[in-house]
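The following exercises ask the reader to work from the coordinates towards a picture of the fold. Each task sentence is followed by a solution that goes step by step.

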Amino acid sequence: MRGRKSAFWGVMFLVAAAAILMGRFGYLEGIGFWSILFSICLIAILIKGVFRMKIGTILFSLAFLIIVNDELLNLEAITPWPVLGAALLGTIGLKILFPRLSRGRLTGHAVRIEGGDTPALWEEGLDGEDFSYENVFGSSVKYLTGVVRSVHVDNVFGSMEIYFTDACLYRGKASCSVDGVFGSVILYVPRTWQAEIKTGNVFASSGERGRNAPDGANVLHVDGDMVFGSLEVVYV
């Protein structure tokens, strides 16, 4: 997985390098360095949004592509607020019409079980241990409870806080995939856990704060791509 993501971003930057050289030779007249760089990043996010069926990511990537290249496309009349408003309303409308599609990942229900001398846990259905969250152009706070196997986060031009403090990891391990563009994501985890952060950062940062000695029983694998943003794991 890590190798595929590195290859993906490697190809994107090679395309950006080629575009810059073509611009210097006059083949892309009127397109500046930053426009090319931002466009490549946005196209990469758009491609990932299409494959993951993230409606908000797709529409807002398209909207910002139009904003960055409005003069080239002769679309100054609809930038920036009209196209952003259209992306927002389009996201809301499509999420209402296709609620299952908008989740991008399968989710399910949880049933609480108790028995014997063990504490109560939330035994998830086959799909219930996987959670998916999408935040576009806003702020969001999520609290995870019960058994967690995987979490998928898409944050575009916004901020997200996700609390794992009341969650139990599936067999002591779970994965958290975070994709962020122009925003911040903070993961709050218990001090006894260990977070292994392996994200691809493009003009972004990833780190942890307040780490204590882990007990080795619970490991949260954190990966994904951060573009012009930040990811922080906070031990509480």
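**Exercise 1. Place valine 156 in the chain and describe its surroundings.**

Valine 156 belongs to strand 5, residues 150-156, where helices (H or I, at least four residues) and strands (E, at least two) are DSSP runs numbered from the N terminus. The model is predicted, so that local features need pLDDT of at least 70 and side-chain atom pairs count only at pLDDT 80 or more, while totals for chains, interfaces and linings use all residues. Residues are numbered from 1 along each chain as its sequence is written, and side-chain values use heavy atoms, with hydrogens and water left out.

Next comes accessibility: valine 156 counts as buried because its relative accessibility is 5%, given that buried means under 20% relative accessible area, exposed over 50% and partly exposed in between (1.4 Å probe, protein chains only). The contacts of valine 156, not counting residues up to four places away in sequence, are Thr57, Phe60, Asn135, Val136, Phe137 and Val181, a contact being heavy atoms within 4.5 Å. Finally, the C-alpha atoms of valine 156 and glutamate 134 are separated by 8.2 Å, with these positions 22 residues apart along the chain.

**Exercise 2. Find the aromatic pairs, and explain what parts of the chain they tie together.**

Rings of Phe, Tyr and Trp (its six-membered ring) pair if their centres lie within 6.5 Å; planes under 30 degrees apart count as stacked, over 60 as edge-to-face and the rest as tilted. By this rule the count comes to six aromatic pairs. One of them joins phenylalanine 64 and phenylalanine 157, which are stacked at 4.0 Å centre to centre with 5 degrees between the planes. Since phenylalanine 64 lies in helix 3 (residues 55-68) and phenylalanine 157 in the loop between strand 5 and strand 6 (159-169), this pair ties together parts that are 93 residues apart in sequence. Phenylalanine 64 is itself buried, because its relative accessible area is 14%.

A further pair is formed by phenylalanine 164 and tryptophan 193, and it is edge-to-face because the ring centres are 6.2 Å apart and the planes stand at 65 degrees. Phenylalanine 164 lies in strand 6 and tryptophan 193 in the loop between strand 8 (184-189) and strand 9 (194-202), so the pair ties together parts that are 29 residues apart in sequence. Both residues count as buried, phenylalanine 164 at 0% relative accessibility and tryptophan 193 at 5%. To complete the step, Phe38, Phe64, Phe157 and Phe182 form one aromatic cluster.

**Exercise 3. Which strands supply the largest nonpolar core?**

A nonpolar core is a set of buried Ala, Val, Leu, Ile, Met, Phe, Trp, Tyr and Cys residues joined through side-chain atoms within 4.5 Å. The largest such core has 25 residues, and those with the most contacts inside it are Leu144, Val151, Ile162, Phe164, Cys176, Val178 and Leu187. At least two residues of this core come from each of strand 3 (130-136), strand 4, strand 5, strand 6, strand 7 (173-181), strand 8, strand 11 (219-227) and strand 12 (230-235). Strand 6 gives the most, with five residues.

For a local view, cysteine 176 touches Val151, Phe164, Leu187, Leu220, His221, Val222 and Asp223, not counting residues up to four places away in sequence. A second, separate core of 19 residues includes Phe64, Val83, Phe157 and Val227.

**Exercise 4. Locate the backbone exceptions in the loops, starting from the general expectation.**

Most residues other than glycine have a negative phi, and most peptide bonds are trans. The peptide bond from threonine 79 to proline 80, however, is cis, with omega near -5 degrees, and proline 80 lies in the loop between helix 4 (70-73) and helix 5 (81-97). Asparagine 74 lies in the loop between helix 4 and helix 5 and has a positive phi of about 55 degrees although it is not a glycine. Asparagine 74 counts as exposed because its relative accessibility is 62%. Phenylalanine 157, which is not a glycine either, has a positive phi of about 50 degrees, and this residue lies in the loop between strand 5 and strand 6.
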